[in-house]
Amino acid sequence: MELSYILNELGEERENYFNAVSPPIIQTSNFTFKTVADFRQALGNEFDATLYSRGHNPTLNILRKKLAALDGAEDALVFSSGVAAISVPILALLQQGDHAIVVENPYSWTIKLFKNFLPKFGISATFVDGSDTANIENAIQANTKLIYLESPNTFSYELQDLAAISHIAKPKGILTMIDNSYCGPLYQQPISLGIDLVAQSATKYLGGHSDIVAGVLTGSQQLINKIFDHEFMNIGPSLSPHSAWLLIRGLRTLPLRMQRSFETAKIVIAWLQQHSAVDKILWPFAANFKQAQLAAQQMQGCGSMFSFTLKDPSIHKIEEFCDKLQHILMAVSWGGHESLIIPSIAGFAKGDYDENNIRHRLIRMYVGLEDADYLIKDLEQAFK
Ligand SMILES: *Cc1c(COP(=O)(O)O)cnc(C)c1O
């Protein structure tokens, strides 16, 4: 399916709403029925019926069709956060006694999910360095039911070989799932590489304007139905129709925004690389990135977020540099129009800083939609 068709037409039935270009926000909790027979049929199939908006809503349905098509998946579910799009399917597909293999250093709340939350239900996890597929293969146990990936992650950008891992998992009946927030559907297509479930924080690139929190999960009809029928409807992590509408609106410009951020990131990174205060830069499309070959093989483009370290390792220097930025904002999250910075040191007590630990020294920068010159000027004055 063509990208332009997905973003501009798919799922939209304009003749049903006055031929309006922009779809209506069906801001309702429930839907009425004229006959008991119709009502009974809807109650028997909440997935497809307009019955109650925790399960199904026409505005969300437009969005689901677009998101599934973007990932080349049979279907999609949308959630009230990216975290829900990760935790709800895992709760649906794993049972007491099951084991999961999880990549090292995934998103912070994913770590807490596997370390603190799932053990309460008797689900165990082994964290491995997934940049070597053999580590994943060696961690497989008789009760392993899930391999959870995040390629690349959003702080140190380690990649996993998605095709090789799905090749190992499939014959053993082990499900594979990835957090694809960093690349999004335009720059990485995990389903075409054999991955079963693709989760994304739609708060980031898909929404694109830092005004909603949302998540999406795509996969086969069978898996999506199974997740919907029980855990999704029981936990109730439904997105509001208004947020769904904002997300549809965000999708219209997704290719433009991603291309622009990618191009600007290349310019900013090239400038940082030649700066005397900068030590290392971590970005999957940098020529000296240790997994550059794998990145080129399985990614069609690269997110506009990267991390770097300063030559001077003192915590004071990192703080001073970040405090001096005037236009690049200091905040969590990413994927919006505004460029952001987050130093690793903001995440722990000053006394715990270890300058020999490269992860402690990382400063993460997200490049938004501003002009490259504008960002470089801000970085330059902060270095001075
Ligand atoms: C933000 C983020 C999440 C969580 O998404 P929310 O929408 O904040 O719940 C998950 N994974 C990655 C990589 C993220 O950046």
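The ligand occupies the largest pocket of the structure, which is a predicted model. Around the ligand lies a shell of 14 residues, of which Val83, Asp179, Ser201, Thr203 and Lys204 come nearest. Apart from this pocket, the structure also holds 3 cavities of 30 Å³ or more, and the two described below have volumes of about 100 Å³ and about 70 Å³.

**Polar contacts of the ligand**

- In the side chain of Asp179, an N or O atom is placed 2.6 Å from a nitrogen atom of the ligand.
- Two further side chains approach oxygen atoms of the ligand: a polar side-chain atom of Ser201 lies at 2.8 Å from a ligand oxygen, and an N or O atom in the side chain of Thr203 lies at 2.6 Å from a ligand oxygen.
- The ligand taken alone would expose 380 Å², and the protein buries 91% of that area.

**Make-up of the shell around the ligand**

- Helix H4, which spans residues 82–93, contributes the largest share of the shell, with 3 residues.
- By residue class, the shell around the ligand consists of 6 nonpolar, 6 polar and 2 charged residues.

**The largest cavity**

- The volume of the largest cavity is about 100 Å³, and its lining includes the run of Ser53, Arg54, Gly55, His56 and Asn57, together with Leu60, Asn61 and Arg64, then Leu77 and Val78, and finally Phe228 and Phe232.
- Helix H3 (58–71), strand E1 (75–79) and helix H9 (221–235) are the elements that each give two or more residues to the lining of the largest cavity, and among these H3 gives the most, with 3 residues.
- In terms of residue class, the lining of the largest cavity divides into 5 nonpolar, 5 polar and 2 charged residues.

**The second largest cavity**

- The second largest cavity, with a volume of about 70 Å³, has a lining that includes Val103, Glu104 and Asn105, as well as Val128, Asp129, Gly130 and Ser131.
- Also part of the lining of the second largest cavity are Glu150, Asn153, Glu158 and Gln160.
- The lining of the second largest cavity is made up of 2 nonpolar, 5 polar and 4 charged residues, whereas the lining of the largest cavity has 5 nonpolar, 5 polar and 2 charged residues.

How values were computed: Residues are numbered from 1 along each chain as its sequence is written. This is a predicted model: local features need pLDDT of at least 70, side-chain atom pairs count only at pLDDT 80 or more; totals for chains, interfaces and linings use all residues. Side-chain values use heavy atoms; hydrogens and water are left out. A residue is near a molecule or strand if one of its heavy atoms lies within 4 Å of it. A polar contact is a pair of N or O atoms within 3.5 Å; within protein, one must be able to donate a hydrogen and the other to accept it, and residues adjacent in sequence count only if both atoms are side-chain atoms. Accessible areas come from the Shrake-Rupley method with a 1.4 Å probe; for residues, only the protein chains shown count as cover. On a 1 Å grid over the protein atoms alone, a cavity is a set of points where a 1.4 Å probe fits but cannot get out, and a pocket is an open set with protein on both sides within 12 Å along at least five of seven lines; lining residues have an atom within 4 Å of a point. A molecule sits in a cavity or pocket if more than half of its atoms lie within 2 Å of its grid points. Helices (H or I, at least four residues) and strands (E, at least two) are DSSP runs, numbered from the N terminus. Ala, Val, Leu, Ile, Met, Phe, Trp, Tyr, Cys and Pro count as nonpolar, Asp, Glu, Lys and Arg as charged, and the others, Gly among them, as polar. Grid points are joined across faces, edges and corners, and a volume is the space filled by probe spheres set on the points.
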